[in-house]
Amino acid sequence: MLDPRIPFKNRYFAGVLAFLLPGAGHVYQGRYFKGILCGVCVLVTFFYGMALGSWSVVYWKKDPTNFLNPYYAQVFVGLPALPSLVQARRYESRTNVDEMSISGPINASFHGSLRMHDRAAGPADGFVIGQIELRPGSRPTEGRVVQGTFTGTLDKKEITLKLEGIPKLGKAVSADPYREIEVDVVDNAEPPQVIGRLRGEIPRRFLDRFEAPPDERYYLDLHGKLGKFHELAMTFTMIAGLLNILVILDAVEGPAYGYGDGGEQDPKASASGDKADKTVPPAQPPPDPTKK
């Protein structure tokens, strides 16, 4: 039964609040200590698991063969897990494909490889790291052509490369924190001639990767990187969701065992029972051995 000492108010509305934000239903009811305690426990467990899993273990991806999809438990954390549904829709969109143009300037850190078509025309092949700057072509007739520069190091030697041509960018939305990019390296002739190819990765926007589904390559890389901690991180986020189910039930129905749950007793029976328990039977004299 409901504890009459608890101000449930609209308990179903409190349940909705508890689902959307752990502990919010209890705060709405005026149960501040319990609400804050529940919220901290659930959210800390959830976000600790997220951080442990490189922010890539909470996502919705339809899999008809997997009836134990972890998201079925994670979703009960409420608002912190609901972006997965939006990101899944963006990930599956027909527009989320490799791009052959850029819509605006790019200025980002870069790491990757340089491959030259003619080694005599410039620096040698190798791993490069630095800053890449790209901008759309300055003339409308250039269409998807971009122009820009790369400034960084190659084998600890500083280099500057002129970039031009049609780029290739990976999907905009994915769990991978880095986005693939390729662009041609050109010389200073007029017109410029392609002398190499720059391939690598730039950071992906956090809003494009937060709770987005991973592609197969990144999923395998993440497993190899985290090892057993991948499953541990996913378990933490699932536990948080399951804990919040108990929080929701407490906001709607009150404590599992509380005031009035012990049942009612007959006062007369209770009184007689107490009296009987306190009555000490009279001592009996020992038997007389002379009497038979």
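# A friendly note on salt bridges, pockets and cavities

1. Let's begin with the charged contacts. Across the whole structure, a search finds twelve salt bridges; a salt bridge here is a side-chain nitrogen of Lys or Arg within 4 Å of a carboxyl oxygen of Asp or Glu. Please keep in mind that this is a predicted model, in which local features need pLDDT of at least 70, side-chain atom pairs count only at pLDDT 80 or more, and totals for chains, interfaces and linings use all residues. Residues are numbered from 1 along each chain as its sequence is written, and side-chain values use heavy atoms, with hydrogens and water left out.

2. A good place to start is Lys34, whose side chain meets that of Asp250 in a salt bridge with an N to O distance of 2.9 Å. This pair links distant parts of the chain, as Lys34 sits in helix 3 (residues 32-52) and Asp250 in helix 8 (residues 228-253), 216 residues apart. Helices (H or I, at least four residues) and strands (E, at least two) are DSSP runs, numbered from the N terminus. Lys34 is partly exposed, with a relative accessible area of 30%, while Asp250 is buried at 11%. For these words, buried means under 20% relative accessible area, exposed over 50%, and partly exposed in between, with a 1.4 Å probe and protein chains only.

3. Next, look at Arg90 and Asp208, which form a salt bridge with their closest N and O atoms 2.8 Å apart. They too link distant parts of the chain: Arg90 belongs to helix 5 (residues 83-92) and Asp208 to helix 6 (residues 206-209), with their positions 118 residues apart. Arg90 has a relative accessible area of 32% and is partly exposed; Asp208, at 7%, is buried.

4. The strands have a pair as well. Arg197 and Glu182 meet through their side chains in a salt bridge of 3.4 Å, N to O. Arg197 lies in strand 6 (residues 194-203) and Glu182 in strand 5 (residues 178-186), 15 residues apart. Here Arg197 is buried, with a relative accessible area of 14%, and Glu182 counts as partly exposed at 21%.

5. Salt bridges can also join up into a group. Asp176, Glu180, Arg217 and Asp221 are linked in a network of them.

6. Now for a nonpolar part of the surface. Val27, Tyr32, Ile36, Val40 and Val44 make a nonpolar surface patch of about 470 Å². Patches are made of residues with over 30% relative accessible area and no salt bridge; like charges are joined within 9 Å, and nonpolar side chains (Val, Leu, Ile, Met, Phe, Trp, Tyr) within 5 Å. The areas come from the Shrake-Rupley method with a 1.4 Å probe, and for residues only the protein chains shown count as cover. Helix 3 gives the most to this patch, with four residues. Val27 is in helix 2 (residues 24-28) and is partly exposed, with a relative accessible area of 35%.

7. Which residues lie nearest the centre of the largest pocket? They are Tyr59, Lys61, Asp63, Asn66 and Tyr219, among 16 that line it. On a 1 Å grid over the protein atoms alone, a pocket is an open set of points with protein on both sides within 12 Å along at least five of seven lines, a cavity is a set where a 1.4 Å probe fits but cannot get out, and lining residues have an atom within 4 Å of a point. The volume of the largest pocket is about 330 Å³, a volume being the space filled by probe spheres set on the points, with grid points joined across faces, edges and corners. Helix 4 (71-74), helix 7 (216-226) and helix 8 each supply at least two residues of its lining.

8. The second largest pocket has a volume of about 260 Å³. Its lining has 16 residues, with Ser103, Ile106, Leu169, Arg179 and Ile202 nearest the centre. Strand 1 (106-116) and strand 6 are the elements that give two or more residues to this lining.

9. Finally, the enclosed spaces: there are two cavities of 30 Å³ or more. The largest cavity, with a volume of about 50 Å³, is lined by Asp98, Lys168, Leu169, Gly170, Glu180, Ile181 and Glu182. Strand 5 provides the largest share of that lining, three residues. Two of its residues also appeared above: Glu180 in the salt-bridge network and Glu182 in the pair with Arg197.
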